[in-house]
Amino acid sequence: MDVWLPFIVVGITAGAVYGLAGVGLVLTYRTSGVFNFAHGALATAGAYLFFELWVKNDVPWFLAAVISVLIVGVLFGFVLERVARRLAKAAPSVIVVATVGLLLIIQGITSKRYGAETITIDSFLPTETFEVSVNVGYNQLIIVLVGIVIAVGLGLLLSRTRIGIAMRGVVDDSDLMELTGLDGAAVRRLAWMIGGSVAVISGILLAPIVGLDPIRLTYLVVQAFGAAAIGRFRSLPWTFVGGLIIGVVAAIGQKLESEHTSLAGLPSSVPFFALFGVLLLVGKRGLPTAAPVRRQQPEHFAPLPLPIRAGAGIALGVVVIFLPNLVDARLAVYTSACGLAIMFLSLSLLVKMSAQVSLCHAAFVAVGAVAFSRLSTEANLPWFLALLGAGLITVPLGLIVALPAVRLAGIYLALATFAFGLLMENLIYRKSFMFPQGGTRDAPRPDIPGVGLANDKQYFYVAVAILAAVIVLVLILQRSRLGRLLRALADSPLALSTYGTGTTTTLMLLFAISAFFAGIAGGVIAVGNGAAGPGGLGSLQSLLWVAVIAITGMNLVRSSILAALALVVLPSYLADLDADYQAIGFGVLAILASLITASGFDPVTWIKDNLAGSSRVGTKGPIPQRGADAGWRRASSSRKAPAPAREEAPELAMSGGDR
Amino acid sequence: MTARTTARAESAGLHIENLVVRFGGVTAVNHLTMHAPIGSVTGLIGPNGAGKTTTFNACSGANSPSEGKITFDGHDLSGAPASARAKFGIGRTFQRIELYDSLTVAENVALGREARLAGVSPITQLIPRRGERAAIAKATEEAMAQCGITEVAKARAGRLSTGQRRLVELARALAGDFRLLLLDEPSSGLDATESDAFTTLLKSVVAELGIGILIVEHDMTVISGLCDYAYVLDFGQLLFEGLPNDVLTSDLVRKAYLGTEDLGIHAPDDEIVEANA
């Protein structure tokens with residue numbers, strides 16, 4: 001037992017911080033309906049500010065902590081409530097995008113200002129130890145006590161006080177609660193400020209334990225997710241206990257890991273297992289239901305007139321053919337944009353066409369890249385067969401991710417796929433069959449008959465051709481029966497299954513097809529880079545991709561190409577723009593795009609209605625009124641006068657409910 | 001058991017035997033037995049919270065019964081998933097309209113048929129069989145003409161008024177070629193004129209197609225004008241059953257509606273909504 005105790009002490013200490021972070025997360029989620037992916041980023045921002053004040057400017061640590069909590073926790077909480085208010089009824093993917101946008105901004109700023117390397121920071125709490133039957137540091141004791149006091153305090157606040165009951169009421173029925181004389185916005189603001197402050201406190205407490213590192217602190221949110229899942233996204237005490245469990249299990253795992261190398265990566269994956277497992281086991285019926293969603297109306301698939309499309313196609317073709325001569329050294333960037341566009345097509349099949357979400361697409365791409373590399377170098381398959389094989393090998397992965405899609409919806413699906421991506425990154429990437437020791441694998445270019453291995457220019461054309469083929473397949477899918485089923489599934493899964501479609505099958509097919517294209521994208525990207533490696537295929541990348549695809553419009557093909565250009569081609573022309581500024585830029589755009597989407601404003605419709613004239617046969621225009629002879633609406637003999645409320649505007653009817 | 005052994009006409013249609021549905025401690029439907037035959041309109045009425053929608057959801061597979069048995073044309077539906085019931089020939093509309101809002105009216109109606117043809121097999125979901133495309137187009141045309149929505153065929157369903165949306169939902173159900181339609185408060189959200197027109201339409205549909213309809217309604221005028229037979233629910237229990245005129249004159253039913261004289265009261269339904277939400 002003596003061997004284990006020190007690890008348990010460490011685990012409880014870390015677990016108290018995880019639990020605390022989880023408590024703050026659940027508090028804001030339950031009061032606002034907005035699941036904050038940037039909760040860990042708030043902790044990061046608070047911890048860096050604390051570091052800036054305490055270490056760099058010699059402010060006493062206690063004062064530095066208070067200032068950090070006030071500025072980042074309270075002030076950010078105040079601002080976030082204003083943003084969250086506008087997002088509360090938006091689709092889960094919109095909320096993910098907005099909070100990921102905030103995460104990108106904070107991470108970009110901190111890594112720009114302080115660099116990406118881990119900064120070790122001394123403990124500001126006394127590190128002397130006392131002995132129980134194992135040495136315990138006073139700092140550890142204090143951290144655990146702070147955690148318990150805050151968790152219990154918040155639990156009592158929610159269950160015993162008037163404002164706490166208001167906080168619970170505000171999520172169930174905000175309007176009803178306001179009738180009792182309490183200001184719903186004020187209650188929510190308070191919840192966000194408390195949640196933000198708790199996040200900052202957990203960040204400051206964690207900083208001396210793990211060191212200051214923008215990525216690692218941001219991922220505190222994942223431990224918080226795991227803790228929140230154990231609390232079923234509902235109970236504050238259980239969330240705190242969940243944090244303790246995750247901390248202790250991970251610490252015990254760390255001891256085992258040091259003895260058995262086969263367990264590498266397992267301890268740090270404990271929260272992801274908790275998150276993925278609890279979500280899958282509990283299912284959507286056991287979790288708090290989010291507020292009713294107002295779905296973004298997808299752009300209608302009304303094609304432009306044929307001459308315009310043909311003209312644009314020919315012009316685009318000419319540009320693509322001469323592109324290698326025009327861009328010279330930048331050709332590689334355009335080549336990787338082709339691969340990325342294939343990935344974005346695969347992602348938008350989920351996000352745009354079917355109202356699903358995948359926050360693990362980078363894992364699909366990584367598996368595709370490795371599969372391609374091994375099929376072509378080890379199995380010696382011809383190039384195109386290896387690429388096809390890469391797509392097929394990725395399909396089972398898609399089917400695994402379809403499981404949470406069947407069991408869960410909305411934000412919980414997003415969380416489950418995120419957890420799956422993290423599991424892949426932590427456990428699978430480092431295995432010898434993937435990237436041994438984080439290394440890369442060869443990804444050879446195609447051997448063109450009579451020419452030999454393709455050069456840069458020839459490979460660019462190959463990549464364009466593959467992209468074109470995928471676009472054609474996606475367009476066929478969109479017009480096929482499955483395409484119609486998927487669009488219907490996005491609007492009303494209930495109606496679709498009631499009318500006889502097995503939606504489990506539909507979702508399986510969707511994720512299989514999406515994974516297939518992502519696998520192909522992995523191969524194309526790897527060959528473009530010259531090697532298949534884990535770089536740029538972390539879970540954060542999956543988040544970034546979803547954020548980018550969200551801001552480029554609703555048309556699948558156009559938005560995918562735009563997203564790829566914005567992500568790799570555009571930065572190559574802005575020489576001074578480093579990755580951090582790029583992340584900040586995407587973050588700002590993502591937040592703006594989410595707010596615009598959530599407000600119901602559709603720029604494409606607006607442009608068509610207001611600027612583009614009325615020449616196109618409108619599906620947006622007013623519904624033609626039926627003539628009196630048709631007898632439906634205008635039948636003259638009415639017993640009662642029609643109630644004015646029934647004469648509702650089409651916009652009102654759009655919300656789909658009539659209650 | 002009796003349904004199997006007696007004449008074929010008896011076993012046709014939807015049979016609910018001793019249905020019990022509980023949510024936690026609440027018994028929403030308590031030992032309900034009823035029959036909705038093919039070729040006629042059966043009404044299911046009752047005040048708010050009587051268990052009408054819960055009964056409906058048990059029939060369409062949106063919730064699962066705690067006790068009892070539901071059969072359709074001799075097939076046991078009690079444990080079948082929602083999609084299987086559609087395969088046997090039961091279609092339904094929803095009290096809270098469930099249209100594919102971003103699709104056009106024509107696409108919505110076509111999916112009434114196509115969703116059923118797509119079924120649960122990955123192959124039929126990917127590749128239509130020979131002749132299905134034509135059958136879908138024909139059924140869509142006919143159903144839209146029948147409901148008088150051909151003019152708005154290209155409009156997006158999400159942009160229509162509630163009255164038109166009800167018609168689109170009905171057209172989608174008709175296109176599905178179902179033998180029995182479950183209509184959940186089709187007149188809610190409609191004004192009196194629209195409601196009358198809807199009743200007329202339903203009558204012509206039953207006469208032309210020979211299908212059966214089980215209709216949940218609030219509005220007594222709809223019931224008396226449309227139904228061949230009616231069941232009255234109150235607090236999850238069968239209160240009364242009989243011809244519409246007998247229902248209207250029943251003292252028991254009057255009492256259940258809080259003693260009011262005007263049985264045509266038209267209030268929004270606040271029934272327990274579970275899977276529907």
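These legends describe close-up views of a predicted model.

**View 1. A hairpin in chain B joins strands β1 and β2.**
Strand β1(B) covers residues 14–23, and strand β2(B) covers residues 26–36. The two strands pair in the antiparallel sense. Seven bridges connect them. L14(B) in this hairpin faces A36(B) of β2(B). Two residues sit between the strands. G24(B) has a positive phi near 60°.

**View 2. A salt bridge joins strands β4 and β1 of chain B.**
E67(B) and R22(B) form the pair, with their closest N and O atoms 3.1 Å apart. This contact links distant parts of the chain: E67(B) belongs to strand β4 (residues 67–72), R22(B) to strand β1, and 45 residues separate them. E67(B) is partly exposed, at 34% relative accessible area. R22(B) is also partly exposed, at 38%.

**View 3. R113(A) and E52(A) meet in a salt bridge.**
The N to O distance is 3.1 Å. R113(A) sits in helix α4 (residues 92–114) of chain A, and E52(A) in helix α2 (residues 39–56) of chain A. The partners are 61 residues apart, so the pair links distant parts of the chain. R113(A) is partly exposed, with a relative accessible area of 47%. E52(A) is buried, with a value of 15%.

**View 4. A salt bridge within helix α3 of chain A pairs E81(A) with R85(A).**
The two side chains meet at 2.9 Å, N to O. Both residues belong to helix α3 (residues 61–87). They are four residues apart, so about one helical turn separates them. E81(A) is buried, with a relative accessible area of 0%. R85(A) is partly exposed, with 35%.

**View 5. A salt-bridge network includes residues of chains A and B.**
Chain A supplies R481(A) and R484(A). Chain B supplies E114(B), R129(B) and E132(B). Salt bridges link these residues in a network. Over all chains, the whole structure holds 19 salt bridges.

**View 6. W383(A) forms aromatic pairs with F372(A) and Y459(A).**
Over all chains, the count of aromatic pairs comes to 23. The rings of F372(A) and W383(A) have centres 5.5 Å apart. Their planes stand at 70°, so this pair is edge-to-face. F372(A) lies in helix α15 (residues 361–377) of chain A, and W383(A) in helix α16 (residues 383–407) of chain A. The pair therefore ties together parts 11 residues apart in sequence. Both F372(A) and W383(A) are buried. The rings of W383(A) and Y459(A) have centres 6.1 Å apart. With planes at 80°, this pair is edge-to-face. Y459(A) lies in helix α18 (residues 456–479) of chain A, 76 residues from W383(A). This contact links distant parts of the chain. W383(A) and Y459(A) are both buried.

**View 7. Ring pairs build an aromatic cluster in chain A.**
The cluster contains the tyrosines Y29(A) and Y412(A). The phenylalanines F35(A), F37(A), F225(A), F233(A) and F418(A) also belong to the cluster.

**View 8. Charged side chains lie over aromatic rings in chain A.**
K255(A) lies over the face of W4(A), at 5.3 Å from the ring centre. R330(A) lies over the face of Y573(A), at 4.1 Å from the ring centre.

Notes: Residues are numbered from 1 along each chain as its sequence is written. Chains are lettered from A and ligands numbered from 1 in the order in which they are written. Side-chain values use heavy atoms; hydrogens and water are left out. Two strands pair if DSSP finds at least two bridges between them. A salt bridge is a side-chain nitrogen of Lys or Arg within 4 Å of a carboxyl oxygen of Asp or Glu. Buried means under 20% relative accessible area, exposed over 50%, partly exposed in between (1.4 Å probe, protein chains only). Rings of Phe, Tyr and Trp (its six-membered ring) pair if their centres lie within 6.5 Å; planes under 30 degrees apart count as stacked, over 60 as edge-to-face and the rest as tilted. A charge sits over a ring if NZ of Lys or CZ of Arg is within 6 Å of the ring centre and within 35 degrees of the ring normal.
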